[in-house]
Amino acid sequence: MSESAPLYGKPRKVQIIPSVLPADFGKLGADCKKMEDAGCDRIQFDVMDGNFVPNLTFGPDTIRWCRQYTKLPFETQLMVSERCTDAMLDTFTEVSKGPNGEPGVVIVHVEACTHLHRNLTKIRAAGGSPSVALNPHTPAEMIENVLDLVDHVLVMTVNPGFGGQKYIPTMTDKVRKIRKWIVDRNLDVDIEVDGGIKATKETIGECARAGANCFIAGSGLFAFDDMSEGVKKLTAMALEGQGVAP
Ligand code: DX5
């Protein structure tokens, strides 16, 4: 396999973000505390409505309760229909906030937003950190005109709905394309990747080299008995991909 192009632009801070999907939903609060103790940067809540994706998880109250157990920043990924996105955006923005009301990351899917520009503006106005996600089939161009409104772009590297799936390698070039736009326009925007991310050169390493700096890991992190070990390994592989000596 030919060597891929090195990172374009200055490396951004590597952040390791566990997805709660593999956690024990019977004691989610305690598992959130475990993620905090392991040195994770923030926690991703995968909200699924059985409509936008073929799986069903939880609503805003679960996130609201988890806030009692950890001080970590939250990130809420809304894998829900347009009807749910429009009806509940303010509620999800509220429950995603930090312990002192700091903005929480709220991710809407471009595929579930007829009025994406309006939704992202609404999240910022409600005190959230607006972000947008793209499913694997969705061209990067769909978010080109809202890069000035977001703090993160989430490139899905699996078809959303379930953990433990295989990384889709064709997504690496999508990351690279978005990264070039961000750097050339001098925007302060992180790129996140989510799905099949493991402590390997082929996944987190290639994504970091392409320009991602936020890594959502579910099974790839929960596979470690000592989660802090997983955080260290994932971080080291990401720094290597960025070409930054650990
Ligand atoms: C979509 C979920 C992902 C998933 C990642 O399926 O939003 O965050 O849990 O899980 P892994 O890391 O196991 O692919």
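A polar contact here is a pair of N or O atoms within 3.5 Å; within protein, one must be able to donate a hydrogen and the other to accept it, and residues adjacent in sequence count only if both atoms are side-chain atoms. The model is predicted, with local features needing pLDDT of at least 70 and side-chain atom pairs counting only at pLDDT 80 or more, while totals for chains, interfaces and linings use all residues. Residues are numbered from 1 along each chain as its sequence is written, and side-chain values use heavy atoms, leaving out hydrogens and water.

**Exercise 1.** Find the polar partners of the ligand's oxygen atoms.

*Solution.* Start with Gly218: a polar backbone atom of this residue is 2.7 Å from a ligand oxygen. Next, take Gly196, whose backbone N or O atom lies 2.8 Å from an oxygen of the ligand. Then turn to Asp46, where a side-chain N or O atom is 2.6 Å from a ligand oxygen.

**Exercise 2.** Work out how much of the ligand the protein covers.

*Solution.* On its own, the ligand has 380 Å² of accessible area (Shrake-Rupley method, 1.4 Å probe). The protein covers 100% of that area.

**Exercise 3.** Describe the shell around the ligand.

*Solution.* Count first: 19 residues surround the ligand (a heavy atom within 4 Å). Now sort them: seven are nonpolar, ten polar (Gly counts as polar) and two charged.

**Exercise 4.** Locate the salt bridge of Arg12.

*Solution.* Look for a side-chain nitrogen of Lys or Arg within 4 Å of a carboxyl oxygen of Asp or Glu. Arg12 meets Asp188 this way, at 2.5 Å from N to O. These partners are 176 residues apart. Nicely done!

How values were computed. Helices (H or I, at least four residues) and strands (E, at least two) are DSSP runs, numbered from the N terminus.
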